[in-house]
Protein chains: 2
Amino acid sequence: MNNDQLIRITRYYRSLNRLKTIGLEKVFAHNLADAAGVSAAIVRKDFSQLGIHGQKRGGYEIHDLLVSLGEILGKGDSQNCIIIGCGRIGKALMHYNGFEPDGIRIVAGFDSDPLVYSDASHPVPIYPISRIDEVVEALQVTAGIITVPEQAASDSYERLLKAGVMGILNFSPITLKPQATEDGKMPVVHNINIALELEQIFYELKFPKVK
Amino acid sequence: MNNDQLIRITRYYRSLNRLKTIGLEKVFAHNLADAAGVSAAIVRKDFSQLGIHGQKRGGYEIHDLLVSLGEILGKGDSQNCIIIGCGRIGKALMHYNGFEPDGIRIVAGFDSDPLVYSDASHPVPIYPISRIDEVVEALQVTAGIITVPEQAASDSYERLLKAGVMGILNFSPITLKPQATEDGKMPVVHNINIALELEQIFYELKFPKVK
DNA sequence: CTATTTATGTGAAAAAGTGTACATTAACTC
DNA sequence: GAGTTAATGTACACTTTTTCACATAAATAG
């Protein structure tokens, strides 16, 4: 499955959940297309490729779709995250409760500042960065969120990889590039650069697409 | 200019700034390719399309490149932002100092809670959401960052558009879709969905690309 | 029961994006 | 100053992604 397709599928999944809570039972390719911002043909082709079939004229059963897509997306597996860097953004993410519906759990935070990691007034425990290996092992952590300042980003990245955390969501302005580890495994890195997003927005405002 | 290209250009721009501070004066397509995670041919093609020319064997002058790309990216224009929703994430963004180097300024926050907007202990003033039109006008705001809970996202979006803010960076889990306003203008919307990113990471970990 | 409508499923065409190869030019070497 | 090396610039081929068009099946209507 390619990257764009994966994004679309996670979007379908979310939209379906929302439609389900509204009480709908069936959905048409066109609906999901609207929700995900793509064309209906793509939705059908995506499902077709994944072996998901609807009923001619009847559309797709939301429940079945959710089950199928859920399996594909690995719902039900343990999806435990840690946060490296418990500054304002790190703490904000700890308190964010929008992860639970997706089965994602923030299980610990890490910081280099004793004042921070001795503070127990947070939803999850914060440890000194030196204890990362031990905690990752104990809590079965599979992904880490990097919310440290620019100059500490590479170090955090390396520590995560060394601890065996192969999924990385990086909020620092450095673009981290995945590189195979010694044992041949390839980390999965997503970089979110807020300043970059804003820059792009300003650009697009300045030079609107004519299309 | 297409979207992917725009992302690459902002990346080139950042890398160039970094290289410049290190003291370099020239750069080769290959360097920028590494920095932006693309091939050298693409870098050359990008520049070629933009009318930027290097010297055979000599590469590109960093200074000239920065000027050219800076013009393209609209550096020097006022890039004023407001934050809608001053919860933990909104406040974290207010305190974030990674915007300045890019000429982006957070100039105000908005919230619906009197306890929040009467609190003056923040880097920028926080106003009640009802005053958005007035503030946008006075401070020449061109972009807004939405960091409100899911159920308030659409409302915030509409208020921004109504106030004439056409650039939107949305952190709420709702995917906001740009739709032409009454006067025919098309807003620019970027959605950042953290849970979605994590989901994708977990998926990619589960089903590594063979490639 | 036949005709019509509506939505899926998919092959083929079109479009977009990327990589390859090589001609071209500039600098350096001897 | 001839030869070699290093990097740009671009035509062309290749791959990937999207759209188009239409055959197909199910439901509905008369």
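Here are some worked exercises on a predicted model of two protein chains and two DNA strands.

**Exercise 1. Get to know chain A: how many helices and strands does chain A have, and what share of its residues is buried?**

Step 1. Start by counting elements. Chain A has nine helices and eight strands.

Step 2. Next, get a feel for the dimensions. Along its principal axes, the C-alpha trace of chain A spans about 60 × 45 × 40 Å.

Step 3. Now look at burial. Of the 211 residues in chain A, 49% are buried.

Step 4. Finish with the contacts. Take those in chain A with a separation of 6 or more: 55% of them come from residues 24 or more positions apart.

**Exercise 2. Follow helix α9 of chain B: how does its reach fit the expected value, and which of its residues are buried?**

Step 1. Find the helix. α9(B) covers residues 194-206, which makes 13 residues.

Step 2. Check its reach. From the first C-alpha to the last you get 19 Å, close to the 18 Å expected at 1.5 Å a residue.

Step 3. See how covered it is. Of the 13 residues in α9(B), 11 are buried, so the cut-off matters here: buried means under 20% relative accessible area.

Step 4. Name them. The buried ones are Ile194(B), Ala195(B), Leu196(B), Glu197(B), Leu198(B), Glu199(B), Gln200(B), Ile201(B), Phe202(B), Tyr203(B) and Glu204(B).

Step 5. Look at the start of the helix. There, a side-chain oxygen of Asn193(B) comes to within 3.3 Å of the backbone nitrogen of Ala195(B).

**Exercise 3. Turn to Asn193(A): is this residue buried or exposed?**

Step 1. Locate it. Asn193(A) sits in the loop between β8 (188-191) and α9 (194-206) of chain A.

Step 2. Apply the cut-off. Asn193(A) has 9% relative accessibility, and buried means under 20%, so Asn193(A) counts as buried.

Step 3. Look for a polar partner. A polar atom of the Asn193(A) side chain lies 3.3 Å from the backbone nitrogen of Ala195(A).

Step 4. Go further along the sequence and across to the other chain. Leaving aside neighbours within four places in sequence, Asn193(A) is in contact with Pro173(A) and Arg14(B).

**Exercise 4. Work out where the two chains meet: how many residues does each chain bring to the contact, and what area is buried?**

Step 1. Count residues. Chain B brings 62 residues, and chain A brings 62.

Step 2. Pick a way to describe size. The size of an interface is often given as the accessible area lost when the parts come together.

Step 3. Read off the value. Between chain B and chain A about 5,700 Å² is buried, and carbon and sulfur atoms give 66% of that.

Step 4. Spot the big contributors. Glu199(B), Phe202(B) and Tyr203(B) supply 12% of the area that chain B buries against chain A, more than any other three residues. You've met these three already, among the buried residues of α9(B).

Step 5. Try another helix. In α5 of chain B (residues 88-95), the buried residues are Gly90(B), Ala92(B), Leu93(B) and Met94(B). They pack against α5 (88-95) and α9 of chain A, and against β3 (79-84), β4 (104-111), β5 (126-128) and β6 (143-146) of chain B.

**Exercise 5. Describe the surroundings of DNA strand C: which residues come nearest?**

Step 1. Gather the neighbours. There are 21 residues around strand C, and the nearest are Arg44(A), Ser48(A), Arg57(A), Tyr60(A) and Lys45(B).

Step 2. Sort them by class. You'll find five nonpolar, seven polar and nine charged residues.

Step 3. Look at the DNA side. Of the strand C atoms within 4 Å of the protein, 57% belong to sugar or phosphate and the rest to bases.

Step 4. Check individual atoms. A polar side-chain atom of Arg44(A) lies 2.8 Å from a base nitrogen of strand C. For Tyr60(A), a polar side-chain atom lies 2.7 Å from a phosphate oxygen.

Step 5. Ask which element gives the largest share. That's α3(B), with four residues.

**Exercise 6. Do the job again for DNA strand D: how many residues surround it?**

Step 1. Count. Strand D has 19 residues around it, and the closest are Ala29(B), Arg44(B), Ser48(B), Arg57(B) and Tyr60(B).

Step 2. Check the DNA atoms. Within 4 Å of the protein, 68% of the strand D atoms belong to sugar or phosphate.

Step 3. Zoom in. A polar side-chain atom of His53(B) lies 3.3 Å from a phosphate oxygen of strand D, while an N or O atom in the side chain of Lys56(B) is 3.0 Å from a base oxygen.

Conventions: Residues are numbered from 1 along each chain as its sequence is written. Chains are lettered from A and ligands numbered from 1 in the order in which they are written. This is a predicted model: local features need pLDDT of at least 70, side-chain atom pairs count only at pLDDT 80 or more; totals for chains, interfaces and linings use all residues. Side-chain values use heavy atoms; hydrogens and water are left out. Helices (H or I, at least four residues) and strands (E, at least two) are DSSP runs, numbered from the N terminus. The expected span of a helix is 1.5 Å times one less than its number of residues. Buried means under 20% relative accessible area, exposed over 50%, partly exposed in between (1.4 Å probe, protein chains only). A polar contact is a pair of N or O atoms within 3.5 Å; within protein, one must be able to donate a hydrogen and the other to accept it, and residues adjacent in sequence count only if both atoms are side-chain atoms. A residue is near a molecule or strand if one of its heavy atoms lies within 4 Å of it. Ala, Val, Leu, Ile, Met, Phe, Trp, Tyr, Cys and Pro count as nonpolar, Asp, Glu, Lys and Arg as charged, and the others, Gly among them, as polar. Contact means heavy atoms within 4.5 Å. Buried area is the accessible area (1.4 Å probe) that two parts lose on being put together, summed over both.
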